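Work through the exercises below with the sequence and the coordinates at hand, and attempt each task before reading its solution.

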Amino acid sequence: MTGTSSTGVRRLRLRIVAATAFLCFVFYYICFAQPLIANLRASRLSPKDVHTFATHAINNTLVVVPVNTGMMYLADNLLCSLSSISFNTSAIVFWALDEGAQEIMKARGYATYRDAGLFSASGNENMHGFTAAYRRMMRQRPLFFRDILASGFDILMLDADIVFWQSPLVIVPQDADRESVDMVYSTDAREFYTEHDAFRDKGRRGSLIPPICNGMFWMKSNKETVSIWSEMLAVFEAPWWKMGFYRYMWFQDDQRGVDVLLNDGRAKLVAPFPRGITQDMVPNRDDHTTRLNVRLLDQTQVANGQLFMNREDSYRENLVRIWSEGEQRIAVHMNWGTHSLSKLDGAKKKHIYYLDDEGSCMLSP
C-alpha cells in the first residue's frame, strides 16, 4: 500500500514538473524569444547614409519618417498636410522599413534609409491593434535612434500617421534655449493635464516624468541621449533568462523603455510646460543632479489620438482656449486604439484624411 502511494506521489510530481516546464517554455517563446542582433555595439550606418543625413538635416536636425508599404497611404496623408503649409518635404528622410516602401519613395524623389538586416513587415501591422510583428519592429528602433544621435545629428522623429497645421520644426528648441533642452516629447496621456494630475497618470512608469510618445519627438545629440537608446538595447537584446521578465513587464517596446529610463532619476521636466503642469508640480524640480532636461508639448497644440478621439468635448474647449490666447494647434497623431476603429476610418470620421479615392491630395498650399 505504501509503495503504491509513493508511486502515485512520484507520478504527480513528475506531472507537475512537466507541466511547469511546458508553461515556462510557452511563456518564454511568446514573450522573450527573439533573435539577438549581431554586433550590437557597432553603428549600422554607412558613409553613404551619413552623407544623406548631412545633406538633408535642417540646422543639424534630421527629420525622419518611418514607413512601410502597408502604411504608405498614411505617409501620403502626412505629406499632403505638410505641402498645404508649404513645408519643404524634400528635407525629410524616409526610414523605409521594407524594400517596397524604399522603391516607392525613391521613385518619388525622396531620400530614404533602410537597414535590410533589421526585422520588418510590409503590412499595416497596426490596423487593428498591435501585432507581434509590430512589437518586434518597435523593439529594434532604438538601434537607428542611437546611431543617428551618435553620428552627431539631432533627430526630429515623426510617425507617418500625423497631420500638421504648422511646421514640425516649431517644436524644435530655438537657438536661445537649445542648450537647456535635451529632448522634446509629445505625450501619451489619456486625460488632459488640466483635468487630471499629470504625475499620477495610470500608464506611468514612475513619478518624475509623465508618459511620453515616441511617435513625435525631438532629441539632441549628446552622450546622455545616446545612452538612453544604448541602455534600452542592452535590455531588449539581453538573453531572456537575464532580462526577460523585466523586459516583458516594464520595457515592452521602445516607448515604454523611454518612460522607464526617464523615471530613474536622470531626467526632469523643464519649462515651458504644457497647460495643466506648473513648476511647483515637478517632483524633482530642485534636483541639480539630473542629466537630461525634458520638455513636454502642450496636449491641445499637439494632441495624441486618445485625447483627440476619446476626449472630444475637452479637446474642442481647449482649442477655443488656445485660440483666444493667440495660439494655434500644431498637429494631431492618429494613435488612438485601433482595435475597434482603424486609423483610416478614424481619420475620415474626424476629417483629417486629405486624400481622394485616387490617393491625390485634396488640400492646396
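The exercises that follow concern a predicted model, and each solution goes step by step.

**Exercise 1.** Determine whether Arg146 is buried or exposed, and find which side chain it contacts.

Solution. Begin with the location: Arg146 lies in helix H5, which spans residues 132–150. Next, take its relative accessibility, which is 7%; because buried means under 20%, Arg146 counts as buried. Finally, look for polar partners of the side chain, where a polar contact with the side chain of Asp147 is found at 2.8 Å.

**Exercise 2.** Establish how many residues of strand E4 are buried, and which strands pair with E4.

Solution. Strand E4 covers residues 154–158, and five of its five residues are buried, so the strand is largely enclosed by the rest of the structure. Taking the two faces in turn, Asp154, Leu156 and Leu158 are buried on one side, while Ile155 and Met157 are buried on the other. Then consider the pairing: strand E1 (residues 61–67) runs parallel to E4 over four bridges, with Thr61 opposite Asp154, whereas strand E7 (residues 212–219) pairs with E4 in the antiparallel sense, also over four bridges, with Met157 opposite Phe217.

**Exercise 3.** Describe the largest nonpolar core and identify which helix gives the largest share of it.

Solution. The largest nonpolar core has 51 residues, and those with the most contacts inside it include Ile92, Phe94 and Leu158. Helix H3 (residues 72–84) supplies the largest share of this core, namely seven residues. A second, separate core holds 45 residues, among them Phe144 and Met157.

Terms used: Residues numbered from 1 in each chain as written. Predicted model: local features only at pLDDT ≥ 70, side-chain atom pairs only at ≥ 80, totals over all residues. Heavy atoms only, no water. Buried < 20%, exposed > 50% of the residue type's maximum accessible area, 1.4 Å probe, protein only. Polar contact = N/O pair within 3.5 Å; in protein donor to acceptor, adjacent residues only side chain to side chain. Pairing = 2+ DSSP bridges. Core = buried A, V, L, I, M, F, W, Y, C linked by side-chain atoms within 4.5 Å.
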